[in-house]
Amino acid sequence: MPCYIEQVIAPTHMLLVVIVAVIAVGIGVGLIYGEVPRGRLERFASRQHLPVTATNGNQVIAYLATTRRWRATGVIAGLVVSVLVSLGDGRVEVGFLWLFAGWFVGALVAEVRVAHLARGARRQASLQPRTFHTYLPAFAWHLVPATAALATLITAACVALSLWYLHHVNLPVLAWYAVAMGLAALVRVTQLRVLRRPQPVAAADVIAGDDAIRSRSLHVLAGGGATLIVYCALNSLAAVDLGRDDPWIAAASVALPIGVLATPLLGLIVATNSWRVRRPVEAL
Amino acid sequence: MIIEVDPSSPTPPYEQLRAQLATMIATGTLPEGTQLPPIRQLAADLGLAANTVARAYRELESARLVHSRVRHGTVVAARPRSAMAAGEIARLLDDAATSYATTARQLGVDAQAAHAAVARALAAVAEDRSGP
């Protein structure tokens, strides 16, 4: 699989593998239970143009701790699954896709676990509708449906070529497409959940902190989700084995490494994109 | 613009919502074309069931105060000709003031403290409106 960083290790080096695994898990546990460094808070505030106060600072630190805990747990789970799967083939591999998928599943879980603002004794709410325009650029909001459409096009091409040359379709092509579509739906549902997370009336700095958190979550979901969906589509592409010298093979052999390298870069750019929350002027 | 629900009130939450929105629309505080928040958003923010907010919106729609359109959500409709007159607004304000004054008297609060509380409440509302 082209998107794998493979490390085939002989059985005699198993001790080294165990040591590396213990160190990796140790780092992961440190990330899960450790304190949020001040630098992360400052980076968050800088990306969101958020003036940090005593109140919303704690709010953001709690958010960063929750997301880091679950994302690190996801990476460790991805690492373990990757090694276990490869052990079945009698070797040890660390698959980047497993690590990234684990991280993203952790990110999805974190969004469900992030605490929303507490409602006071008086139940008050703003009548201002919350829309995605407030929290991220239109490009980022439409990225997940766009990559789902791209995955559909790639899969359609794979199916057409397979039927033309082989008169049958490889099951992995359709399986990866199903995963991509399921993922796209899951990401969209989670994004809408983030958008609709309760936001009762609170002090201006608290609302600003909550908006910044919402915005960052939506950016990460868009960037990470789009990356994983494109990776699924690339795996569909890789699963097509026409078994002959063909321009399609040549094109795919060029597209795959470019996609494997460019997609996470695009995802990273979207996820870390700086954004100032744009609140519409109150209708009064 | 802030809306509030009192869970301890004998008035059902949907009616509290409907009444506040109807007043805001009638007085022009919510002008024609203003988009109301989606049902799920308002329900989540107020800690109510979505059906409760949906019922309030339905009642407003029945009274032709709002209309719902696909992709546009619930929008304040054109104000009817019999919109709330200035006299009616003054009467409602007097009623609210009388109710407040009665509560202040029952609590044994003097006029100065009562005025100060009103000033604070007005300032807080103004701050909410000018907030993010």
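These legends describe views of a predicted model with chains A and B.

**View 1. Overall fold of chain A.** Chain A contains 10 helices and one strand. In sequence order the elements read α-α-α-α-β-α-α-α-α-α-α, which places four helices before the strand and six after the strand. Measuring along the principal axes, the C-alpha trace extends over about 70 × 50 × 30 Å.

**View 2. Burial and contacts in chain A.** Of the 284 residues in chain A, 38% are buried. Contacts that link distant parts of the sequence are also shown. When contacts between residues at least 6 apart in sequence are taken, 84% of them connect residues at least 24 apart.

**View 3. Overall fold of chain B.** Chain B has five helices and three strands. Starting at the N terminus, the order is β-α-α-α-β-β-α-α. One strand therefore opens the chain and two helices close it. The C-alpha atoms of chain B occupy a box of roughly 55 × 35 × 30 Å along the principal axes.

**View 4. Burial and contacts in chain B.** Buried residues account for 23% of the 132 residues in chain B. For contacts with a separation of 6 or more, 56% are between residues 24 or more positions apart.

**View 5. The two domains of chain B.** The domain assignment divides chain B into domain 1, residues 13-76, and domain 2, residues 86-130. The centres of domain 1 of chain B and domain 2 of chain B, taken over C-alpha atoms, are 25 Å apart.

**View 6. Helix α2 of chain B.** Helix α2(B) covers residues 39-46 and is mostly covered, with seven of its eight residues buried. The buried residues are I39(B), Q41(B), L42(B), A43(B), A44(B), D45(B) and L46(B). After the helix comes G47(B), which has a positive phi near 70°.

**View 7. What surrounds helix α2 of chain B.** Elements from both chains cover the buried residues of α2(B). From chain A, the cover includes strand β1 (123-126) and helix α8 (171-196). From chain B itself, the cover includes strand β1 (2-5) and helix α3 (50-62). The list of buried residues in α2(B) begins with I39(B) and ends with L46(B).

Note on methods. Residues are numbered from 1 along each chain as its sequence is written. Chains are lettered from A and ligands numbered from 1 in the order in which they are written. This is a predicted model: local features need pLDDT of at least 70, side-chain atom pairs count only at pLDDT 80 or more; totals for chains, interfaces and linings use all residues. Domain bounds come from an automatic or database domain assignment. A residue is buried if 20 or more other C-beta atoms lie within 10 Å of its own, exposed if 12 or fewer, and partly exposed in between; C-beta atoms are placed from the backbone. Two residues are in contact if their C-beta atoms, placed from the backbone, lie within 7 Å.
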